[in-house]
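Colleague: Got a minute to go through this one with me? I'd like to start with confidence, then look at a pocket and a few residues.

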Amino acid sequence: MKQCANLNLSQRDELLTLLRRYETLFDGTFGNWKLKPVSLELREGSVPYSTRPYPILEKYFKTTHKKVERQRESEWGSPTLITPKNDHTVRVVLDFRRLNKMLVRKPFPLPKISTTIMQLKGFTYATALDLNMGYYTIRIDAKASEMCTIIFPWGKYSYQRLPMGISGAPDIFQG
C-alpha cells in the first residue's frame with residue numbers, strides 16, 4: 001500500500017473497495033483451478049522410475065513432515081532436497097530432472113514485460129501481483145499425480161496439484 005500515497009482520496013477509496021471485494025484472493029490459501037485437472041504427457045518409451053531418497057538431517061524431519069501429506073504407493077519417485085530457511089522451517093526442493101526429460105512440452109510463448117506495458121494504454125491503474133504458489137491452484141489428474149511422486153527416507157508422497165519444477169508448468173500456467 002506504499003504506492004497508495006500517490007493516489008487522491010477518491011482513488012484510494014476505489015482501490016480499497018476493489019481489494020476488499022476480492023480479499024479471498026489475498027487470504028494466503030490456495031485457489032482452485034475451475035477447469036478439469038491437467039495432464040502431463042510422457043514421451044514414447046518412458047517408463048516409471050523410483051530413485052533412492054536424498055538424505056535429510058534428522059533435525060529437519062519434523063518440520064519436513066508438516067510440509068508434505070502422505071498419499072499412496074507409486075512406481076514413480078523423484079528425490080527431494082531440504083534446505084533450511086531463516087525462520088527454522090524448511091524449503092522442499094523437488095528434483096524432477098529425470099521426469100522432465102520424459103515429458104512432452106507444449107510451449108506457450110510468454111509475453112515480454114515491455115510489450116505488455118506498451119499495451120496498457122488508457123488504464124487508470126496498473127499493478128504487479130506476485131502469484132505466490134500459483135501452480136498449486138492447478139489440479140493434476142491421477143496419472144500426472146502418480147508421475148509427480150516425491151520420495152523421502154520415510155516414504156513417498158504424490159502431488160495433487162501442479163508442482164514447481166515440472167518443465168511444462170510455466171506453459172500450463174500461462175496457457
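Modeller: Sure, here is a short walk through the model, topic by topic.

Colleague: What kind of model is it, and what is the mean pLDDT of the protein?

Modeller: It is a predicted model. The mean pLDDT is 85, and 93% of the residues reach 70 or more.

Colleague: Where is confidence lowest, and where is it highest?

Modeller: Helix α2, residues 61-67, is the lowest, at a mean of 78. Helix α3, residues 97-102, is the highest, at 97. As a general caution, where pLDDT is low, predicted coordinates should not be read in detail.

Colleague: OK, pockets. How much space lies in the second largest pocket?

Modeller: About 700 Å³. It is lined by 21 residues, and F30, K67, M133, Y136 and Y159 are the closest to its centre.

Colleague: Which elements give two or more residues to that lining?

Modeller: Strands β2 (90-94) and β4 (155-158) do. β2 gives the most, with five residues.

Colleague: And the lining by class?

Modeller: The second largest pocket has 12 nonpolar, three polar and six charged residues in its lining.

Colleague: Let's stay with β2. What does V92 touch, leaving out residues up to four places away in sequence?

Modeller: V92 lies in strand β2. It touches K67, T80, L81, I82 and F152. K67 also turned up among the residues closest to the centre of the second largest pocket.

Colleague: How far is V92 from L19 in space?

Modeller: The two are 31 Å apart, C-alpha to C-alpha. Along the sequence, 73 residues separate V92 and L19.

Colleague: Switch to R161. Where is it found, and is it buried or exposed?

Modeller: R161 is in the loop between β4 and α6 (169-174). It counts as buried because its relative accessibility is 17%, and the cut-off for buried is under 20%.

Colleague: Which backbone oxygen does the R161 side chain reach?

Modeller: That of Y136, at 2.7 Å. Y136 is one of the residues closest to the centre of the second largest pocket.

Colleague: What else is R161 in contact with?

Modeller: Leaving aside neighbours within four places in sequence, R161 is in contact with F30, G31, N32, Y136, T137, I138, R139 and I140. F30 is another of the residues closest to the pocket centre.

Colleague: Now T149. Buried or exposed?

Modeller: T149 is in strand β3, residues 149-152. Its relative accessibility is 0%, so T149 counts as buried.

Colleague: What lies 3.5 Å from a polar atom of its side chain?

Modeller: The backbone oxygen of S145. Not counting residues up to four places away in sequence, T149 touches S74, W76, G77, S78, F96, K156, Y157 and S158.

Colleague: And H88, what's its phi?

Modeller: H88 has a positive phi of about 70°, although it is not a glycine. Most residues other than glycine have a negative phi. H88 lies in the loop between β1 (78-84) and β2.

Colleague: Why does H88 count as exposed?

Modeller: Because its relative accessible area is 72%, and exposed means over 50%.

Colleague: Last one. Where does T29 lie, and how far is it from E58?

Modeller: T29 lies in the loop between α1 (9-21) and α2. T29 counts as exposed, at 55% relative accessibility. The C-alpha atoms of T29 and E58 are separated by 29 Å, and the two residues are 29 residues apart along the chain.

Notes
Residues are numbered from 1 along each chain as its sequence is written. This is a predicted model: local features need pLDDT of at least 70, side-chain atom pairs count only at pLDDT 80 or more; totals for chains, interfaces and linings use all residues. Side-chain values use heavy atoms; hydrogens and water are left out. On a 1 Å grid over the protein atoms alone, a cavity is a set of points where a 1.4 Å probe fits but cannot get out, and a pocket is an open set with protein on both sides within 12 Å along at least five of seven lines; lining residues have an atom within 4 Å of a point. Grid points are joined across faces, edges and corners, and a volume is the space filled by probe spheres set on the points. Helices (H or I, at least four residues) and strands (E, at least two) are DSSP runs, numbered from the N terminus. Ala, Val, Leu, Ile, Met, Phe, Trp, Tyr, Cys and Pro count as nonpolar, Asp, Glu, Lys and Arg as charged, and the others, Gly among them, as polar. pLDDT is the predictor's confidence in each residue, from 0 to 100. Buried means under 20% relative accessible area, exposed over 50%, partly exposed in between (1.4 Å probe, protein chains only). A polar contact is a pair of N or O atoms within 3.5 Å; within protein, one must be able to donate a hydrogen and the other to accept it, and residues adjacent in sequence count only if both atoms are side-chain atoms. Contact means heavy atoms within 4.5 Å.
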